[in-house]
Amino acid sequence: MLSVAGLTRLAAQGGPPMITDDPGTPGDKQWEINLGWTDQRVAGSTLYGLPLLDANYGIGDRIEITYEAPWAILKDAAGTQSGPGDSLIGVKWRFYDAGEHGWQASVYPQLTFLDPGSHDDRRGLADSATTLLLPFEVEKDLGPVQMNFDFGHVFSSKAGEDSWMGGIIFGREVVKGWELDAETHVNASNTLNRSEWIINAGTRIDLSEHVTLMIALGRDLRNQLGPSASLLSYLGFQFRF
């Protein structure tokens with residue numbers, strides 16, 4: 001999910017290829033389409049998103065509508081399986097905006113669900129649970145770097161599987177059109193007694209006014225929620241029009 005309002009300035013921002021999101025929206029009647037290749041490796045298996053589609057459309061200057069869906073490929077000891085992963089729809093509203101260098105804040109409810117008629121949850125390609133994420137995103141220009149953080153609660157249709165999430169990202173435009181970012185992201189159980197800590201580093205490079213290359217590499221520092229990921233990667237392009 002996505003990025004910065006106004007495309008002439010590439011400031012440090014959340015959203016692809018990073019996990020932590022920011023309050024930015026595409027702008028009125030503007031599209032931002034992210035096509036990415038994701039790679040998540042844990043002991044004994046690798047899950048690819050190839051591609052991961054993340055489509056965002058701006059309604060006015062402060063609202064964004066999002067649709068996201070991957071084509072999932074799972075490789076493990078049983079072989080290789082592929083099919084559609086869970087779909088996501090969301091609406092972001094930047095309810096506070098003090099300008100380019102001031103505080104900005106948004107709310108971004110997102111519904112994730114198994115596509116009707118799909119049985120890919122049985123093959124490990126998707127999750128049968130329907131979840132509603134209610135997060136807030138905050139951004140501030142600190143001068144040398146830009147800071148974004150988000151936090152929120154995940155409501156799950158599976159009993160006992162509600163959870164929390166949050167992250168913080170710092171970034172800097174080192175030269176015009178080239179940005180470096182680093183983040184820490186946390187997923188936690190509803191009672192906060194178990195957690196997953198992720199570190200991630202990424203870059204965005206403007207190839208033209210309308211196309212940006214995005215790359216990120218990360219891993220779990222600790223994971224008490226499931227198998228620990230030895231690699232989390234993203235390679236993709238953002239198209240703006």
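Strands here are DSSP runs of at least two residues, labelled E and numbered from the N terminus.

**View 1. Tyr-48 and its surroundings in a predicted model.** The model you're looking at is predicted, and Tyr-48 is a handy place to start, sitting in strand E2. Is Tyr-48 buried or exposed? With a relative accessibility of 16%, Tyr-48 counts as buried, because the cut-off for that label is under 20%. Now look for Ile-73: 25 residues separate it from Tyr-48 in sequence, yet the two C-alpha atoms are just 5.0 Å apart. Once neighbours within four places in sequence are set aside, Tyr-48 touches Trp-37, Thr-38, Asp-39 and Arg-41, along with Trp-71, Ala-72, Ile-73 and Lys-75.

**View 2. Trp-31 meets Tyr-57.** Searching the whole structure turns up eight aromatic pairs. One of them joins Trp-31 and Tyr-57, with ring centres 4.8 Å apart and 50° between the planes, so it goes down as tilted. Why does this pair tie together separate parts of the chain? Trp-31 belongs to strand E1 (residues 31-42) and Tyr-57 to strand E2 (residues 45-59), so the contact links parts 26 residues apart in sequence. Neither partner is buried: Trp-31 is partly exposed at 34% relative accessibility, and Tyr-57 is partly exposed at 26%.

**View 3. Phe-237 with Phe-239.** Here's another tilted pair: the rings of Phe-237 and Phe-239 have centres 6.4 Å apart and planes at 35°. Phe-237 comes out as partly exposed, at 34% relative accessibility. Phe-239 is partly exposed too, with a relative accessible area of 30%.

**View 4. An aromatic cluster, and a lysine over a ring.** Which residues make up the cluster? Trp-93, Phe-95, Phe-136, Phe-149 and Phe-151 form one aromatic cluster. Also worth a zoom is Lys-92, whose charged end sits over the ring of Tyr-108, 5.0 Å from the ring centre.

**View 5. Two cis peptide bonds.** Most peptide bonds are trans. Not the one from Pro-16 to Pro-17, which is cis with omega near 10°; Pro-17 is in the segment before E1. The bond from Leu-50 to Pro-51 is cis as well, with omega near 0°. Pro-51 is placed in strand E2, where Tyr-48 is also found.

**View 6. Positive phi at Lys-29 and Leu-192.** Most residues other than glycine have a negative phi. Lys-29 has a positive one, near 60°, and lies in the segment before E1. Its relative accessible area is 58%, so it counts as exposed. Leu-192 also has a positive phi, near 65°. Where does Leu-192 sit? In the loop between strand E11 (178-189) and strand E12 (195-206). Like Lys-29, which is exposed at 58%, Leu-192 is exposed with a relative accessible area of 58%.

**View 7. Confidence, and the start of the chain.** The protein averages a pLDDT of 91, and 92% of the residues score at least 70. Residues 1-12 are another story, with pLDDT under 50 throughout. The model still has 58 contacts for that stretch beyond four places in sequence.

Notes
Residues are numbered from 1 along each chain as its sequence is written. This is a predicted model: local features need pLDDT of at least 70, side-chain atom pairs count only at pLDDT 80 or more; totals for chains, interfaces and linings use all residues. Side-chain values use heavy atoms; hydrogens and water are left out. pLDDT is the predictor's confidence in each residue, from 0 to 100. Contact means heavy atoms within 4.5 Å. Rings of Phe, Tyr and Trp (its six-membered ring) pair if their centres lie within 6.5 Å; planes under 30 degrees apart count as stacked, over 60 as edge-to-face and the rest as tilted. Helices (H or I, at least four residues) and strands (E, at least two) are DSSP runs, numbered from the N terminus. Buried means under 20% relative accessible area, exposed over 50%, partly exposed in between (1.4 Å probe, protein chains only). A charge sits over a ring if NZ of Lys or CZ of Arg is within 6 Å of the ring centre and within 35 degrees of the ring normal.
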